[in-house]
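Biologist: Please show me the model, and then let us go through its strands and its nonpolar packing.

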Amino acid sequence: PHWRAAISGGFSYRTAKIPNDLSSDLGQYARNLKRGGHYSADATYFISEQIGVGLKFTNFRAKNKIENISVTPTNGETQYGEMRDDISTNFIGPLFCTRFLSKNKSNGLMMNLGMGYMGYKDKAVLINDFTLTGGTLGICFDIGYDIGISKNIAVGLQLSLTTGMISKFKLSDGTNSETIKLDEDNYENLSRIDLSIGLRFIK
């Protein structure tokens, strides 16, 4: 078969370290944001039995919130409200693919390497609503195994690593916006591990 299309979903875990200077509550809040879910879709054309090229899209999402927090600005009164993050990251880019089929051609070991655009969006609240957006170069690596259940359909298990670092954000509160450049030591690490299951359509 020359064509392979895949749809998958599952559990994700961000690998970035949590800063040591956070309080216990904020540390737990950040750890909860490391876990989330993802879905992905990709299509591959194999120019030979083992070598192919394709295109991949993935979306990761994680959410968390804390009620009744207090914030005291340097030149203002203490304010009370909630803290909330609704984070999503997208990756889209071309893939270089390798495939090793079983003797009966019904099962296959798949390995993909891709490079593309990685976008970040956080619809957040810290007393007031604001949105952080950014983008960077992303790299992904997949290894998986397809188990044929019919001539044209397979079930696939896959382990993926996606990496990227953001050096600046655009912050918008709905009225004003500004660009925030991060120090190199404080770049936002978007790296994560995905464990997924899905369907493969082969022709």
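Modeller: This is a predicted model. Strand β1 (residues 3-14) is joined to β2 by 11 bridges, and the two run antiparallel.

Biologist: Which residue of β2 is the bridge partner of G9?

Modeller: β1 and β2 are joined in the antiparallel sense. Within β2, G9 has as its bridge partner Y39.

Biologist: How many bridges pair β2 with β3?

Modeller: A hairpin of 4 residues leads from β2 to β3. T44 stands opposite G54 of β3. The pairing of β2 and β3 is antiparallel, and its bridges number 10.

Biologist: Is the face of β2 that holds T44 and F46 covered or uncovered?

Modeller: β2 spans residues 35-46, and R35, G37, Y39, A41, A43 and Y45 make up its uncovered face. G36, H38, S40, D42, T44 and F46 lie on the other face, which is covered.

Biologist: Which strand supplies the largest share of the largest nonpolar core?

Modeller: That core has 14 residues, and L33, Y120, I166, F169 and L190 touch the most other members. At least two residues each come from α1 (24-33), β3 (51-71), β4 (79-101) and β5 (107-126). The largest share is 3 residues, and it comes from β3.

Biologist: Which two phenylalanines are included in the second core?

Modeller: This core is separate from the largest one and has 6 residues. Its members include C97 and M110, along with F46 and F91.

Biologist: Which leucines is Y120 in contact with, leaving aside neighbours within four places in sequence?

Modeller: Y120 belongs to the largest core. Its contacts include R14, I87, I166 and F169. The leucines in contact with Y120 are L132 and L190.

Conventions
Residues are numbered from 1 along each chain as its sequence is written. This is a predicted model: local features need pLDDT of at least 70, side-chain atom pairs count only at pLDDT 80 or more; totals for chains, interfaces and linings use all residues. Side-chain values use heavy atoms; hydrogens and water are left out. A nonpolar core is a set of buried Ala, Val, Leu, Ile, Met, Phe, Trp, Tyr and Cys residues joined through side-chain atoms within 4.5 Å. Buried means under 20% relative accessible area, exposed over 50%, partly exposed in between (1.4 Å probe, protein chains only). Contact means heavy atoms within 4.5 Å. Two strands pair if DSSP finds at least two bridges between them.
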